[in-house]
Amino acid sequence: MSTLTSCRMTAIIFATAGVFLAPHTTSAQTAAVKVDATTCVACHGMHGEGAPAGVPRLAGQDAEYMSHALSMFKAGTRASAIMQPIARNLSDTDMRALADYFSTQHAPLVDAAAAKSPQLVLAGKQLAVAGAANVAACFSCHAEQGKGNGARFPAIAGQPATFVVNRLHEFQARAKGQSPQPGTMTAVAAMLDESQIEAAAAYLSQLTLHRNSE
Ligand code: HEC
Ligand code: HEC
């Protein structure tokens, strides 16, 4: 798999750079917690920008959402052959610190330059802003401009198109296993057809993530 190969190659480069983070200490943690993000940046990019091969953007994503995602990978309740073994080696404190760190990062879009048809991008915008007969507007849950809303509704702006396509397919596979709860992303994804998935992914990959604080 080319994603893995290129990640491993980058890992070798970054292994020597040694990125150590000292996140904010909370009242519960008196000693500074040092978290090593070297493994993460090898795939997710130096500032958590993600990669066009299907690695999600972490920069500016909600910290609670990411921390929870990591615990789901660790528990095996969220599928990913890549992330599950990585998360298994992380403690709760590691997950929290890494999530906090990446949520405060700023990073450029990584998948905006790839040639995508303007019609596809426009169709994606239409779906995100207004929805369609079969599905509610993406931004009705993910907030305007896809900037996310709290820990439950992740930011979706600026995600590489391949990640969005893969993730929506994963939700669809889950919906086939058991009928999804209304209002969940599994239920939403089950309604989407392939052209809507392609369109949403094309649009979101070109959309800059403006975080709440900006
Ligand atoms: C070998 C490449 C690789 C490495 C190393 C890696 N990741 Fe990932 N990560 C991925 C891929 C690919 C996904 C998408 C998984 C999926 O949903 O199918 C992902 C997903 C995630 C997600 C979920 C994001 C979202 O928006 O749904 C988080 C959070 C995350 N990784 C954090 C980390 C952290 C923290 C580290 C370091 C401890 C790390 N990753 C190391 C490749 C990697
Ligand atoms: C009814 C509310 C709702 C609507 C409408 C909705 N979503 Fe979601 N979406 C969610 C929730 C909740 C999650 C978090 C699911 C999880 O992590 O298990 C999510 C997660 C996602 C993710 C994964 C993000 C990540 O970082 O892992 C993507 C991609 C996504 N939605 C895309 C879309 C698109 C595209 C649309 C419009 C076609 C859409 N969503 C409409 C509620 C919604």
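A residue is taken as buried if 20 or more other C-beta atoms lie within 10 Å of its own. By that criterion, 36% of the 214 residues of the protein are buried. The model analysed here is predicted.

The protein contains 10 helices and 2 strands. From the N terminus, the order of elements is α-β-β-α-α-α-α-α-α-α-α-α. Both strands thus follow α1 and precede α2. Contacts between residues at least 6 apart in sequence were also examined. Of these, 66% join residues at least 24 apart.

Ligand 1 is surrounded by 23 residues. Cys40, Cys43, Met66, Ser80 and Leu98 come nearest. Five helices each supply at least two residues of this shell: α1 (2-15), α2 (38-44), α3 (63-75), α4 (83-88) and α8. Helix α2 provides the largest share, 5 residues. By class, the shell around ligand 1 comprises 16 nonpolar, 6 polar and 1 charged residues. Two domains take part. Domain 1 (2-103) and domain 2 (118-205) each contribute at least three residues to the shell around ligand 1.

Ligand 2 has 21 residues around it. The closest are Ala136, Cys138, Cys141, Met185 and Ala200. Elements giving two or more residues to this shell are α7 (138-142), α8 (161-177) and α9 (185-191). Helix α7 gives the most, with 4 residues. The shell around ligand 2 has 15 nonpolar, 4 polar and 2 charged residues. Helix α8 is listed among the contributors of at least two residues to the shell of ligand 1, and it is also listed for the shell of ligand 2.

Helix α10 spans residues 194-205. Its 12 residues reach 17 Å from the first C-alpha to the last, close to the 16 Å expected at 1.5 Å a residue. Of these 12 residues, 9 are buried, so α10 is largely enclosed by the rest of the structure. The buried positions are Ile197, Glu198, Ala199, Ala200, Ala201, Ala202, Tyr203, Leu204 and Ser205. Ala200 of this group is also one of the closest residues to ligand 2. The cover over the buried residues of α10 includes α6 (118-130), α7 and α8. Of these covering helices, α7 and α8 also give residues to the shell around ligand 2.

Note on methods: Residues numbered from 1 in each chain as written. Chains lettered and ligands numbered in written order. Predicted model: local features only at pLDDT ≥ 70, side-chain atom pairs only at ≥ 80, totals over all residues. Near = placed C-beta within 6 Å. Nonpolar A, V, L, I, M, F, W, Y, C, P; charged D, E, K, R; others polar. Expected span 1.5 Å × (residues − 1). Contact = placed C-beta atoms within 7 Å. Domains from an automatic or database assignment.
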